[in-house]
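Biologist: I've never read a protein model before. Could you walk me through one, feature by feature?

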Amino acid sequence: MKRELTENIPCNKFKHHRNIQDIWNNIKTYTFSASSFLGGHPRKDGDEETIEKAKTVLADLVKWTETNSVSLVEAALLEHCTSMRARLDPLLHSLCSPTVDSICAEMVDLADEYAKRLLYEDPKALAKELFLWDSKAEVSVVVRPHRSMNGIKELIMKYDQSEDVQQLNQTHLTKLKELFNLHCTKPEAFESSVWCLLRRYKSFFGLDRFEGFGLQAALPPGAFQMLHNEFSVSIESFASPLNCYFTRYCSAFIDTDAPFGSLGSFYNFKPKSGSFEANPPFTEELMELMVSHIEQLLTDAGDSPLSFAIFIPEWLDPPTPALVKMRDNCKFTTREFVIGENAHKYVSGGQHNAAPHQRMYNAVHGTHVFFLQNEAGKQKWDPTVQGKEQRLANVAHTSGSPRPLPLPPSFVSPSLTRELMDEITFT
Ligand SMILES: C[S@@+](CC[C@H](N)C(=O)[O-])C[C@H]1O[C@@H](n2cnc3c(N)ncnc32)[C@H](O)[C@@H]1O
């Protein structure tokens with residue numbers, strides 16, 4: 001968390017550039033943000049020397065941008081920019097470090113406090129504060145088409161004279177209905193279950209329009225089809241009812257997601273055999289925890305075949321610990337390769353209320369693919385077989401068609417699910 005917050009100082013990472021003008025714009029945003037940061041930074045004892053050094057570097061950068069013409073070649077511009085940032089960023093980051101530390105500590109304390117109150121105090125009082133669902137309240141949920149956005153449906157929950165409106169597109173409403181029919185035997189609870197689900201994920205995403213999208217982005221359908229056909233994958237280790245491809249998956253919230261097929265948190269999921277896909281939220285702590293959990297599962301599986309196809313970002317600056325572990329220090333890694341930046345796509349984290357043309361986006365980072373398998377898993381689903389790696393990289397380049405509706409028989413096969421379920425134990 002600390003690293004992610006710090007990386008946004010003085011501004012977000014440089015945006016992907018299409019031309020030299022974009023690089024100049026990035027530099028302008030950076031110098032403006034660095035200057036505002038230094039201007040507004042509260043002066044504390046011991047900071048003066050760092051502030052003066054930072055101001056000198058920033059002045060050099062501003063002078064350089066003013067004296068160099070727009071016609072400078074792209075490579076030279078980028079090189080200069082990188083070297084200036086390498087000088088200035090550490091100074092700014094050391095100035096903000098105590099503030100970032102206290103924000104992280106406050107967030108941990110708040111999460112801890114709410115978790116304790118949920119467990120030990122009156123959940124109803126807390127529900128009011130957090131706007132949790134009170135299952136005994138008199139509520140009604142109505143579904144109606146959005147007045148001006150074609151293909152978007154609104155779910156309106158009426159509660160104590162007030163209303164709350166959640167939106168999703170028709171494709172996802174149909175998909176949720178299909179999942180619900182498969183996994184839940186109370187058809188009358190469909191609308192309210194969808195409303196709860198949307199409400200929960202809205203809070204999870206965050207309040208800004210595109211906030212949280214990155215944590216919910218999914219592999220393209222073509223990649224899932226290929227993993228299913230060639231590696232027998234039929235369960236996602238990290239998903240939500242909104243972004244899942246298969247009808248069985250692990251997810252963050254078993255209470256809202258189980259009626260739509262969730263098996264609960266991946267960290268409580270203990271299969272003894274089988275072949276799984278894992279595209280975790282791109283958060284360092286969760287990715288590291290995922291690697292430890294998978295290593296433990298592979299150790300415990302003994303001679304039963306167990307396999308994980310894992311997709312994480314190619315973060316090398318600095319290297320993300322989960323990547324380093326799987327690349328350099330994991331006896332279960334049987335294959336790894338990188339699909340380059342801007343050479344593959346993801347399905348947007350906002351796919352459930354996005355228009356069809358906004359469904360896919362280009363990955364501006366590389367994706368590092370790892371196969372972690374025990375010996376029997378490698379025998380059964382060998383990723384080194386010629387052509388497999390290339391085929392996976394190829395399907396990741398294309399958008400693929402959306403997840404088919406209704407589902408093809410292979411994705412709903414009760415026998416497949418039952419077979420796997422028999423082998424799954426929960427804590
Ligand atoms: C990057 S998306 C994966 C999208 C898609 N299912 C895929 O595999 O490509 C990561 C998903 O993991 C979910 N998630 C978060 N914590 C989780 C947990 N403890 N167990 C399982 N899933 C979790 C997030 O809500 C999010 O939907």
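Modeller: Let's go from confidence to strands, the ligand, cores and a few odd spots.

This is a predicted model, in which local features need pLDDT of at least 70 and side-chain atom pairs count only at pLDDT 80 or more, while totals for chains, interfaces and linings use all residues. Residues are numbered from 1 along each chain as its sequence is written.

Biologist: What is the mean pLDDT of the protein chain?

Modeller: First the idea: pLDDT is the predictor's confidence in each residue, from 0 to 100. Here the protein chain has a mean of 83, and 86% of its residues reach 70 or more. Over residues 412-427, though, the pLDDT is below 50. That stretch still has 21 contacts in the model beyond near neighbours in sequence, where a contact means two C-beta atoms, placed from the backbone, within 7 Å. Where pLDDT is low, the predicted coordinates should not be read in detail.

Biologist: Okay, and how many helices and strands does the protein chain have?

Modeller: Helices (H or I, at least four residues) and strands (E, at least two) are DSSP runs, numbered from the N terminus. By that rule the protein chain has 15 helices and 13 strands. Also, among contacts between residues at least 6 apart in sequence, 68% join residues at least 24 apart.

Biologist: What share of the 427 residues is buried?

Modeller: You count neighbours: a residue is buried if 20 or more other C-beta atoms lie within 10 Å of its own, exposed if 12 or fewer, and partly exposed in between, with C-beta atoms placed from the backbone. Buried residues make up 29% of the 427 in the protein chain. Try it on C250, which lies in strand β5. C250 is buried because 23 other C-beta atoms sit within 10 Å. Leaving aside neighbours within four places in sequence, its contacts include S237, F238, A239 and F269.

Biologist: And T6, buried or partly exposed?

Modeller: T6 has 17 C-beta neighbours inside 10 Å, so it counts as partly exposed. T6 belongs to helix α1 (residues 2-7), and, outside its neighbours within four places in sequence, it is in contact with H93, C96 and V100. P90 is 84 residues away from T6 in sequence, yet their C-alpha atoms are 10.0 Å apart.

Biologist: Now strands. Which residues of β5 are on each side?

Modeller: In a regular strand the side chains alternate between the two faces of the sheet. In β5, R248 and C250 are on one side, Y249 and S251 are on the other, and all are buried. Strand β7 (residues 274-278) shows a similar picture: G274, F276 and A278 on one side and S275 and E277 on the other are all buried.

Biologist: What does β7 pair with?

Modeller: Two strands pair if DSSP finds at least two bridges between them. β7 is joined to strand β8 (residues 306-313) by five bridges, and the two run parallel. One partnership there is F276 with F308 in β8. β4 and β5 also pair in the parallel sense, over three bridges, with I235 opposite R248 in β5.

Biologist: Which residues come nearest to the ligand?

Modeller: A residue is near a molecule if its C-beta atom, placed from the backbone, lies within 6 Å of it. Of the 20 residues around the ligand, A218, F238, A239, A252 and N279 come nearest. β4 (235-239) and β5 (248-251) each supply at least two residues of this shell, and β4 gives the largest share, three residues.

Biologist: Which residues touch the most other members in the largest nonpolar core?

Modeller: In soluble globular proteins, nonpolar side chains tend to be buried together. A nonpolar core is a set of buried Ala, Val, Leu, Ile, Met, Phe, Trp, Tyr and Cys residues joined through C-beta atoms within 7 Å. The largest one has 49 residues, and A309, I310 and L372 touch the most other members. Apart from it lies another core, of 14 residues, among them L179 and Y201.

Biologist: Last one: where is the cis peptide bond?

Modeller: Most residues other than glycine have a negative phi, and most peptide bonds are trans. Here a cis peptide bond joins I9 and P10, with omega about 5°, and P10 is in the loop between α1 and α2 (20-40). S232, just after α8, takes a positive phi of about 55°.
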